[in-house]
Amino acid sequence: MSESTIFTRILQGEIPGEIVAETDNVFAIRDIAPKAPVHLLVIPKTQEYRNVVELAAGDTALMAEMVEVAQNLAAERSDGDFRLIFNTGAGSGQTVFHVHAHVLSGGLDETSLGG
Ligand code: AMP
């Protein structure tokens, strides 16, 4: 078993984090460095997928569950419109290699594409 990622440690209560939604397979937290009025991270409970490419190849139902959670959060916390970003690879800015979707909503413009 690989070392726990920072997101697994938040899920397990080992380090602080604000869990704002949870389903059987997915949880969501508030990003510690928000880039939009609403900036959440939707994360599978499993850390077996390092990025969205691995997730899409391995479990499309889990990926769909992440999108559904993202949509529900944007509807609850903003106007329902949202941007979903999966940084993939260090060159894209990915720093945590436990797949996660950035959900950005509210006050978006073309300059806030990055996570
Ligand atoms: P990425 O750069 O796509 O891998 O995204 C990782 C995200 O995790 C960044 O936007 C960070 O701000 C966020 N992050 C890192 N540590 C924490 C934490 N302890 N709680 C909440 N968000 C975090």
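Reader: How many bridges join strand E1 to E2, and do the two run parallel or antiparallel?

Author: In this predicted model, strand E1, residues 19-22, is joined to E2 by three bridges, and the two strands run antiparallel. Together E1 and E2 form a hairpin that has three residues between them, and within this pairing Glu 22 stands opposite Phe 27 in E2.

Reader: Which strand does E2 meet besides E1, and how many bridges join them?

Author: Five bridges join E2 to strand E3, residues 38-44, and this pair is antiparallel as well; here Ala 28 has Val 42 in E3 as its bridge partner.

Reader: How should I read burial along a strand, and how many residues of E2 are buried?

Author: In a regular strand the side chains alternate between the two faces of the sheet. In the present case, strand E2, which spans residues 26-30, is mostly covered, with four of its five residues buried.

Reader: Which residues of helix H3 are buried, and what covers them?

Author: An α-helix has 3.6 residues a turn, so residues three or four places apart point the same way. In H3, the buried residues are Leu 62, Glu 65, Met 66, Val 69, Ala 70, Leu 73 and Ala 74, and what covers them includes E1, E2, E3, helix H2, strand E4 and strand E5.

Reader: What span does H3 reach, and which residue caps its N-terminal end?

Author: The 18 residues of H3, from 60 to 77, reach 26 Å from the first C-alpha to the last, close to the 26 Å expected at 1.5 Å a residue. At the N-terminal end of H3 the cap is Asp 59, a side-chain oxygen of which lies 3.3 Å from the backbone nitrogen of Ala 61.

Terms used
Residues are numbered from 1 along each chain as its sequence is written. This is a predicted model: local features need pLDDT of at least 70, side-chain atom pairs count only at pLDDT 80 or more; totals for chains, interfaces and linings use all residues. Side-chain values use heavy atoms; hydrogens and water are left out. Buried means under 20% relative accessible area, exposed over 50%, partly exposed in between (1.4 Å probe, protein chains only). Two strands pair if DSSP finds at least two bridges between them. The expected span of a helix is 1.5 Å times one less than its number of residues. Contact means heavy atoms within 4.5 Å. A polar contact is a pair of N or O atoms within 3.5 Å; within protein, one must be able to donate a hydrogen and the other to accept it, and residues adjacent in sequence count only if both atoms are side-chain atoms.
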